[in-house]
Amino acid sequence: MAKAQETDTQHKWHEDIQALVLGTLLVALGVSMYKAAMLGTGGINGLALLLSYTSPFEFGMLFFVLNLPFYWLAYKRLGVAFTIKTFAAVGLVSLFAQLTPQWISFDMLHPVYASLVGGGIIGVGLLILFRHKSGLGGVNILAVYLQDRYGIRAGYLQMGVDAAILCGSFFVLSWQQVALSIMGAVVLNLVIATNFRPGRYVGFSGAFFAQSKDDKTD
């Protein structure tokens with residue numbers, strides 16, 4: 001019975017591919033909104049954004065290169081499958097971040113809207129990746145590892161790291177931009193912290209179907 005339940009809750013390979021593509025597209029869209037509004041965020045993507053503002057290099061290339069040192073931790077601690085999917089996710093975000101400005105442009109984008117909605121979009125994209133045992137390298141690898149090993153909430157840990165990185169934004173952005181960046185980071189991490197809880201969806205679906213079965217029986 002337990003083996004059957006485990007099989008039912010495991011994602012199939014085509015479901016993982018769909019999640020990788022959709023999740024990375026959402027992250028790339030949120031990053032494009034942040035870049036258009038000159039905002040920052042936390043994690044490796046936030047560091048890559050800041051460097052893209054102050055150097056001739058594009059976000060996509062910086063994001064890919066900065067993640068390279070973290071794959072060893074992913075391989076040693078989280079397994080081959082997680083490492084491969086994370087490498088694919090980082091590569092797709094790097095690619096989509098370069099292509100998204102060719103697919104969509106923002107003639108008018110309010111910074112507050114970019115902060116809140118962009119942060120929410122990135123959070124949903126990360127949530128999709130996390131639920132399919134993937135991530136976006138860097139802090140995400142560390143956050144997922146610590147949650148799986150010690151039960152530390154991935155969203156709360158990432159929020160602390162993001163706060164440290166955002167403090168460095170004061171050297172690049174105005175205080176108004178930093179304030180909006182912090183607001184967006186809070187939204188992003190609340191999406192993850194609220195929704196990324198092991199067993200939550202299994203328990204909900206089990207209760208739902210059990211209730212449906214009882215209703216039919218009645």
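This report walks through the aromatic pairs, some helices, a surface patch and the annotated spans of a predicted model.

**Aromatic pairs**

Let's start with the rings. A pair of aromatic rings is described by the distance of the centres and the angle of the planes. Here the count comes to five aromatic pairs. In one of them, Phe-59 and Phe-63 sit with their ring centres 5.4 Å apart and their planes at 15°, so this pair is stacked, the cut-off for that being under 30 degrees. Both residues belong to helix 4 (residues 59-67), and being four residues apart there puts about one helical turn between them. Phe-59 counts as buried because its relative accessibility is 3%, and Phe-63 is buried too, at 2%.

Another pair has a different partner arrangement: Phe-64 and Phe-87 meet edge-to-face, 5.7 Å centre to centre with 70° between the planes. Phe-64 is in helix 4 while Phe-87 is in helix 6 (residues 80-103), so this contact ties together parts that are 23 residues apart in sequence. As for cover, Phe-64 is partly exposed with a relative accessible area of 28%, and Phe-87 is partly exposed as well, at 40%. Tyr-71 joins in here: ring pairs link Phe-64, Tyr-71 and Phe-87 into a cluster.

**Two helices and their lengths**

Now for helix 3 (residues 43-54). Its 12 residues should span 16 Å at 1.5 Å a residue, and the end C-alpha atoms are 17 Å apart, which agrees. Is helix 3 largely enclosed or open? Nine of its 12 residues are buried, so the rest of the structure largely encloses it. Among those buried residues are Gly-43, Asn-45, Leu-49, Ser-52 and Tyr-53.

Helix 7 (residues 111-131) has 21 residues, and the distance from its first C-alpha to its last is 30 Å, close to the 30 Å expected at 1.5 Å a residue. Just after helix 7 comes Lys-133, with a positive phi of about 55°.

**A nonpolar patch on the surface**

Ile-17, Val-21, Leu-25, Trp-103 and Ile-104 make up a nonpolar surface patch, and together they have about 430 Å² of accessible area. Helix 2 (residues 13-36) supplies the largest share of this patch, three residues. Leu-25 is in helix 2, and its relative accessibility of 32% makes it partly exposed.

**Annotated spans**

The UniProt record, an unreviewed entry, carries the annotation "transmembrane region" for residues 20-37, 57-75, 87-106, 112-130, 150-172 and 178-196. Here is how two of these spans look in the model:

| Span | Helix | Strand | Distance between end C-alpha atoms |
|---|---|---|---|
| Residues 87-106 | 85% | 0% | 29 Å |
| Residues 112-130 | 100% | 0% | 27 Å |

**A contact far along the chain**

One more pair of positions to look up is Val-186 and Gly-119. They are 67 residues apart along the chain, yet their C-alpha atoms are separated by 8.0 Å. Val-186 has its place in helix 10 (residues 175-195). With a relative accessibility of 34%, Val-186 counts as partly exposed.

Conventions: Residues are numbered from 1 along each chain as its sequence is written. This is a predicted model: local features need pLDDT of at least 70, side-chain atom pairs count only at pLDDT 80 or more; totals for chains, interfaces and linings use all residues. Side-chain values use heavy atoms; hydrogens and water are left out. Rings of Phe, Tyr and Trp (its six-membered ring) pair if their centres lie within 6.5 Å; planes under 30 degrees apart count as stacked, over 60 as edge-to-face and the rest as tilted. Helices (H or I, at least four residues) and strands (E, at least two) are DSSP runs, numbered from the N terminus. Buried means under 20% relative accessible area, exposed over 50%, partly exposed in between (1.4 Å probe, protein chains only). The expected span of a helix is 1.5 Å times one less than its number of residues. Patches are made of residues with over 30% relative accessible area and no salt bridge: like charges are joined within 9 Å, nonpolar side chains (Val, Leu, Ile, Met, Phe, Trp, Tyr) within 5 Å. Accessible areas come from the Shrake-Rupley method with a 1.4 Å probe; for residues, only the protein chains shown count as cover. A salt bridge is a side-chain nitrogen of Lys or Arg within 4 Å of a carboxyl oxygen of Asp or Glu. UniProt positions are given in the numbering used here, feature names are shortened, and annotations may be inferred rather than shown by experiment.
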